[in-house]
Amino acid sequence: MRKYLNIFKTSLRQESKTITNALTSAVSFIVIIYIFKQLWQFIYGGQGGGTLINGYTLEMMIWYMIMAEIFMYSVNSRGVTRAFSNDIKSGKIAYQLNKPYNYYFYQVSSTLGECIWKLVFLLPTALLIGLLLLGPIENFNLLYLLPLGVSLLLGVLLTCTIYGAVGLLAFWIEESTPFAWIIQKFQMLFGLFFPPEFFPVWLQPVINYSPVYAMMSGPCKLLANFSWDLFQNVIISQVIWTAVFVGLGLLIYKLGSRKVNVNGG
């Protein structure tokens, strides 16, 4: 475990040298949030006026969107898949097989370092723009920040494990990034643009038990309308799905590395 922590720290230090890119992302983040705020204001009719749509006020909806955009900006999902895929297609993976670490864990740890560095800029930016545009979240307690942070980190970790596992499919197919593109669209449709409550009743349980809920919808709902029961449900979902995709990623890597060894690297 210590070696993967060192890999994470190394990646974090390397990313700290790219401050300009992080600041540019923060500016882009502000623009996107402002655009979405104008859109949802129009949907809610002006300033919202206490209007509820599927249990969400205008303020709750915007805070949900802010949290969702944090996830989208902090993890370059297709970039994660591409990193795995490029190593496999170029043959670089052959040099990694005999290293004293698991390649899948190595890449996930490295990617996690990049994501955490982005969060250093995104989180203060998100909170500031949310407070300026909307004011404080109703009934929000500062004690909620810790469980929110835990859920955010687990969501980012889960996202990295999912897209990393998809990248490992390059052992068998020429290009795995289209699969990442498809997953990302599901993530955007069922997590970014709308909370689960905005979908038909029959579809909501499917979303709530899906990886998209653990990756994005659940943590976003925590910021919009925190409750300890919701936090418990979200954390359980995140832990289960992370374990599932870590196991799946390790299995794919094991089978794929055998293929490389059989073919002589």
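How many salt bridges does the count come to? The count comes to 2 salt bridges, a salt bridge being a side-chain nitrogen of Lys or Arg within 4 Å of a carboxyl oxygen of Asp or Glu. The model is predicted, so local features need pLDDT of at least 70 and side-chain atom pairs count only at pLDDT 80 or more, while totals for chains, interfaces and linings use all residues. Residues are numbered from 1 along each chain as its sequence is written, and side-chain values use heavy atoms, with hydrogens and water left out.

One salt bridge pairs K89 with E175, with 2.8 Å between the closest N and O atoms. K89 lies in helix α4 (residues 77-90) and E175 in the loop between α7 and α8 (177-193), so the pair ties together parts that are 86 residues apart in sequence. Helices here are DSSP runs of H or I with at least four residues, numbered from the N terminus. K89 is partly exposed at 39% relative accessibility, and E175 is partly exposed at 32%. For these classes, buried means under 20% relative accessible area, exposed means over 50%, and partly exposed lies in between, with a 1.4 Å probe and protein chains only.

K221 forms a salt bridge with E197, and the closest N and O atoms are again listed as 2.8 Å apart. This pair links distant parts of the chain, with K221 in helix α10 (residues 211-224) and E197 in the loop between α8 and α9 (204-208), 24 residues apart. K221 is buried, with a relative accessible area of 12%, whereas E197 is partly exposed at 23%.

Next comes helix α7. This helix covers residues 145-167, has 23 residues and reaches 33 Å from its first C-alpha to its last, close to the 33 Å expected at 1.5 Å a residue. The expected span is 1.5 Å times one less than the number of residues. Because 17 of its 23 residues are buried, α7 is largely enclosed by the rest of the structure.

Two buried polar residues can be followed by their contacts. Q238 is in helix α11 (residues 228-262) and is buried, with a relative accessible area of 0%. A polar atom of the Q238 side chain lies 2.9 Å from the backbone oxygen of S151. A polar contact is a pair of N or O atoms within 3.5 Å; within protein, one must be able to donate a hydrogen and the other to accept it, and residues adjacent in sequence count only if both atoms are side-chain atoms. Not counting residues up to four places away in sequence, Q238 touches S151, L154, G155, A214 and P219, where contact means heavy atoms within 4.5 Å.

S74 belongs to helix α3 (residues 58-74). Its relative accessible area is 0%, so S74 is buried. The S74 side chain has a polar atom 2.9 Å from the backbone oxygen of I70, and it reaches the backbone oxygen of F71 at 3.2 Å. Apart from neighbours within four places in sequence, S74 is in contact with C115, K118, L119, L122 and V156.

S109 sits in helix α6 (residues 103-134) and counts as buried at 11% relative accessibility. With neighbours within four places in sequence left aside, S109 is in contact with Y4, I7 and F8. S109 and R82 are 27 residues apart in sequence, and their C-alpha atoms are 16 Å apart in space.

Helix α2 (residues 19-44) contains V31, and Q41 is also found in α2. V31 is partly exposed at 44% relative accessibility, whereas Q41 is buried at 10%. V31 forms a nonpolar surface patch with V27, Y34 and I35, and together they have about 380 Å² of accessible area. Such patches are made of residues with over 30% relative accessible area and no salt bridge; nonpolar side chains (Val, Leu, Ile, Met, Phe, Trp, Tyr) are joined within 5 Å, and like charges within 9 Å. Accessible areas come from the Shrake-Rupley method with a 1.4 Å probe, and for residues only the protein chains shown count as cover. The C-alpha atoms of Q41 and I62 are separated by 9.2 Å, with their positions 21 residues apart along the chain.

The last residue to locate is Y95, in helix α5 (residues 93-96). Y95 is exposed, with a relative accessible area of 67%. From C-alpha to C-alpha, Y95 and C220 are 40 Å apart in space, and they are 125 residues apart in sequence.

Definitions and conventions: Helices (H or I, at least four residues) and strands (E, at least two) are DSSP runs, numbered from the N terminus.
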